[in-house]
Amino acid sequence: MSLSSDLAVSATGLVKRFGDRRAVDGVSIAVPRGLIYGVLGPNGAGKTTTLRMLLGIIEPDEGERMLLGHDAPRDASDRVGYLPEERGLYPNMKCREAIAFMGALRGLPWRVGRKRAGELLEAAGLGHAADDKIRKLSKGMAQLVQLLGSVVHEPELLVLDEPFSGLDPVNQERLEKLIRAQRDRGATILFSTHVMAHAERLCDYLSIIAGGVVKFEGTVDEARALLPLKAHYTPHHHAETAGALLPPDAERKNGSWRFTVPPEGIEALLVRLIDAGYGISGLSIERPGLHDAFVKIVGAEALEQAA
Ligand SMILES: Nc1ncnc2c1ncn2[C@@H]1O[C@H](COP(=O)(O)OP(=O)(O)OP(=O)(O)O)[C@@H](O)[C@H]1O
């Protein structure tokens, strides 16, 4: 993997040991600039430890990393926004001030930070809370405010550790919108999650980590293509006997059959079914979702251990 300037973040062979345990065991990652990149994995997979090493919050025991062109990641910290797994803002600050304060920590002038804070709160549908103290907010709203604080200085790279956890569906949608808006302004977003639905909708690119090891890196479609297509077929006549012509894994439910589309495609099979007089009163072909691909890549056993 080249440590090229087209990459916002790259790392090769990152290792982190805690005692005897290798929490991260040789992770390599390449995050292209201007995209949304998801780090997916079950609980304890090593996502947070990887993100912390990439940001320079902890040092790897082995491996190299490059963040916005710097091999000492902290040298780029003013160009980075970060939502850590542990959330927290000063409870007595007002929302607008809390956001401006986080910007100031990354070098943004206070006056600019306050102005942008108002705009960001408005755009996120939280304008009404601009002058409310943090302690008055729900946990989910406080989390969104913290997220706005991590983007107020318009960072080139935004790193979000499990940003969706603890948010209700309305706030999850607000967050997805916010993440897309950041990408649209040209930022790179690197986020971790174990919730496939968000990753499926948001990610341009993703890697799947389990047991401290990268099991997959590619696009959502590439991950989904690891599994075969499934067909859902309803015969017009004699549904009960159609199974004799279908692939061996065909399962009947009411008047329909579900089976794996054979590697050569479904056309020849349909011709045989029509010739045999079964006809077609319904047919759909489903692509497996990212969740199924994740289970295949990580293994059901690893998922159970993590649950
Ligand atoms: N400071 C630490 N000291 C000891 N062990 C740690 C430390 N930090 C993480 N670990 C262990 O390293 C492994 C990976 O943890 P990490 O938090 O990186 O996983 P994760 O994928 O982010 O999980 P989660 O989704 O549950 O947050 C876990 O077994 C965890 O218990």
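Two residues are in contact when their C-beta atoms, placed from the backbone, lie within 7 Å. Axes are lines fitted to C-alpha atoms, for helices over the stretch in contact, and angles run from 0 to 180 degrees between N-to-C directions. Helices (H or I, at least four residues) and strands (E, at least two) are DSSP runs, numbered from the N terminus.

This is a predicted model, in which local features need pLDDT of at least 70 and side-chain atom pairs count only at pLDDT 80 or more, while totals for chains, interfaces and linings use all residues. Residues are numbered from 1 along each chain as its sequence is written.

**The six-stranded sheet and its helices**

Helix H1 (residues 47–55) lies across strand E3 (36–40), E5, strand E6 (157–161), strand E7 (188–193) and E8, and runs at about 150° to E6. H4 lies across E5 and E6, at about 165° to E5. Two strands pair if DSSP finds at least two bridges between them. The open sheet has six strands in the order E5-E6-E7-E3-E8-E9, with mixed pairing. Strand E5 (80–83) and strand E9 (213–218) stand at the edges with a single partner strand each, so one side of each is left without a neighbour in the sheet. On average, neighbouring strands of this sheet are turned by 15° against each other, direction ignored.

The table lists antiparallel strand pairs from this sheet and from the E10–E12 region.

| Strand pair | Bridges | Partner residues |
|---|---|---|
| E8 (residues 205–210) and E9 | five | Ala210 and Val213 |
| E10 (residues 230–234) and E12 | four | His232 and Arg258 |
| E11 (residues 251–253) and E12 | three | Glu251 and Arg258 |

**Strand E12**

Arg258 of E12 thus has His232 as a bridge partner and also stands opposite Glu251. A residue is buried if 20 or more other C-beta atoms lie within 10 Å of its own, exposed if 12 or fewer, and partly exposed in between. In a regular strand the side chains alternate between the two faces of the sheet. Strand E12 (residues 256–260) has Trp257 and Phe259 on a covered face, and Ser256, Arg258 and Thr260 on an uncovered one. The hairpin of E11 and E12 has two residues between the strands, and Asn254 there takes a positive phi near 50°.

**Helix H2 and its packing**

Eight of the eleven residues of H2 are buried, and the helix is mostly covered. Among these buried residues are Arg96, Glu97, Ile99 and Met102; the buried residues pack against H3 and H4. Helix H2 (residues 95–105) and helix H3 (residues 110–123) pack at an angle of about 130°, with their axes 8 Å apart. H2 and H3 are therefore oblique to each other (angles under 35 degrees count as roughly parallel, over 145 as roughly antiparallel, 65 to 115 as roughly perpendicular and the rest as oblique). The contact includes Cys95, Ile99 and Gly103 of H2 and Trp110, Ala117 and Leu121 of H3. Gly107, which follows H2, has a positive phi near 95°.

**Nonpolar cores**

A nonpolar core is a set of buried Ala, Val, Leu, Ile, Met, Phe, Trp, Tyr and Cys residues joined through C-beta atoms within 7 Å. The largest such core has 71 residues, of which Val9, Ile99, Val145, Leu148, Val152, Ile189 and Leu190 touch the most other members. Helix H4 (residues 139–151) gives the most to this core, with seven residues. Leaving aside neighbours within four places in sequence, Val145 is in contact with Leu89, Cys95, Ala98, Ile99, Ile134 and Leu137. Apart from the largest core lies another, of eight residues, among them Tyr233, Ala242, Leu273 and Tyr278.
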